[in-house]
Amino acid sequence: MPVPLPEDFAIPDFSVVDQDFRDAHVTKNYYAPNVFRLVVEVTSTNWSDDLGPKVECYAQADIPVYIVADRKHDEVLLYTDPADGKYPDPVRYKRGQSVPVPESVGVTLDLCVDTLLDGGD
């Protein structure tokens with residue numbers, strides 16, 4: 001299998017990786033997708049990338065949990081359990097709610113929707 005090119009890689013805003021992620025080094029600062037347990041993107045001017053191509057890319061890479069803080073639509077989307085290169089429809093969270101991080105990530109954590117959308121102090 002050919003080594004993916006740098007343009008084939010996404011750079012997440014935040015991620016949780018396996019402890020031994022350095023063993024999955026591909027090139028430069030790029031790592032194989034199998035070490036990623038969670039990826040978080042916060043939308044900005046390129047919001048359509050986070051809600052379109054990146055959803056497809058992360059699902060095809062079999063990233064177990066993908067969270068998008070969609071500031072354009074004022075909600076947080078939780079994608080989990082990709083199968084056959086696709087995520088099922090996301091669970092949507094609104095302001096005032098918390099997003100429970102799935103146990104498969106390996107941490108116990110609820111993320112505040114307001115903090116994800118607005119940033120923290």
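## Exercises on a predicted model

V105 touches V16, R37, L38 and V65, when residues up to four places away in sequence are not counted. The exercises below start from this residue and work outward through a structure that is a predicted model.

**Exercise 1.** Determine where V105 lies, and whether V105 is buried or exposed.

*Solution.* Begin with the chain: V105 is located in the loop between β8 (98-100) and β9 (110-112). Next take the relative accessible area, which is 4% for V105; since buried means under 20%, V105 is buried. Finally, consider the separation from V17, which is 88 residues in sequence but 8.6 Å in space, taken from C-alpha to C-alpha.

**Exercise 2.** Describe the sheet by its strand order, its edges and its twist.

*Solution.* The sheet is open and has 5 strands, arranged in the order β1-β4-β5-β6-β7 with mixed pairing. At its edges stand β1 (14-17) and β7 (91-93), each of which pairs on one side only. From one strand to the next the twist averages 15°. To look at one pairing in detail, take β1 and β4, which run antiparallel and are joined by 4 bridges; in β4, V40 is the residue that stands opposite F14.

**Exercise 3.** Identify the residues with the most contacts inside the largest nonpolar core, and the elements that each supply at least two of its residues.

*Solution.* The largest nonpolar core has 16 residues, and those with the most contacts inside it are L38, I67, V76 and V99. Elements that each supply at least two residues of this core are β4 (36-42), β5 (65-70), β6 (75-80) and α3 (113-118). Another core lies apart from it, with 12 residues that include F36, V39, A59 and Y79. The surroundings of V99 can then be listed: leaving aside neighbours within four places in sequence, V99 is in contact with I67, V76, L78, Y93, L109, D110, L111, V113 and L116. As general background, nonpolar side chains tend to be buried together in soluble globular proteins.

**Exercise 4.** Count the aromatic pairs, and classify the pair formed by Y66 and Y79.

*Solution.* The structure holds 4 aromatic pairs. For Y66 and Y79, the ring centres are 5.8 Å apart and the planes meet at 20°; because planes under 30 degrees apart count as stacked, the pair is stacked. Y66 belongs to strand β5 and Y79 to strand β6, so the pair ties together parts that are 13 residues apart in sequence. Both of these tyrosines, Y66 and Y79, are buried. Extending the view, ring pairs link Y58, Y66, Y79 and Y87 into a cluster.

**Exercise 5.** Compare the settings of D74 and D81, giving phi, location and accessibility for each.

*Solution.* For D74, phi is near 55°, a positive value in a residue other than glycine, and the same description, with phi near 55°, applies to D81. In general, most residues other than glycine have a negative phi. D74 is in the loop between β5 and β6, whereas D81 is in the loop between β6 and β7. With a relative accessible area of 33%, D74 is partly exposed, while D81, at 55%, is exposed.

**Exercise 6.** State how many disulfides are counted, and give the accessibility of C57 and C112.

*Solution.* The count comes to 0 disulfides, by the rule that a pair of cysteine sulfur atoms must lie within 2.5 Å. C57 has 42% relative accessibility and counts as partly exposed; C112, with a relative accessible area of 35%, is partly exposed.

Notes:
Residues are numbered from 1 along each chain as its sequence is written. This is a predicted model: local features need pLDDT of at least 70, side-chain atom pairs count only at pLDDT 80 or more; totals for chains, interfaces and linings use all residues. Side-chain values use heavy atoms; hydrogens and water are left out. A nonpolar core is a set of buried Ala, Val, Leu, Ile, Met, Phe, Trp, Tyr and Cys residues joined through side-chain atoms within 4.5 Å. Buried means under 20% relative accessible area, exposed over 50%, partly exposed in between (1.4 Å probe, protein chains only). Contact means heavy atoms within 4.5 Å. Rings of Phe, Tyr and Trp (its six-membered ring) pair if their centres lie within 6.5 Å; planes under 30 degrees apart count as stacked, over 60 as edge-to-face and the rest as tilted. Two strands pair if DSSP finds at least two bridges between them. Axes are lines fitted to C-alpha atoms, for helices over the stretch in contact, and angles run from 0 to 180 degrees between N-to-C directions.
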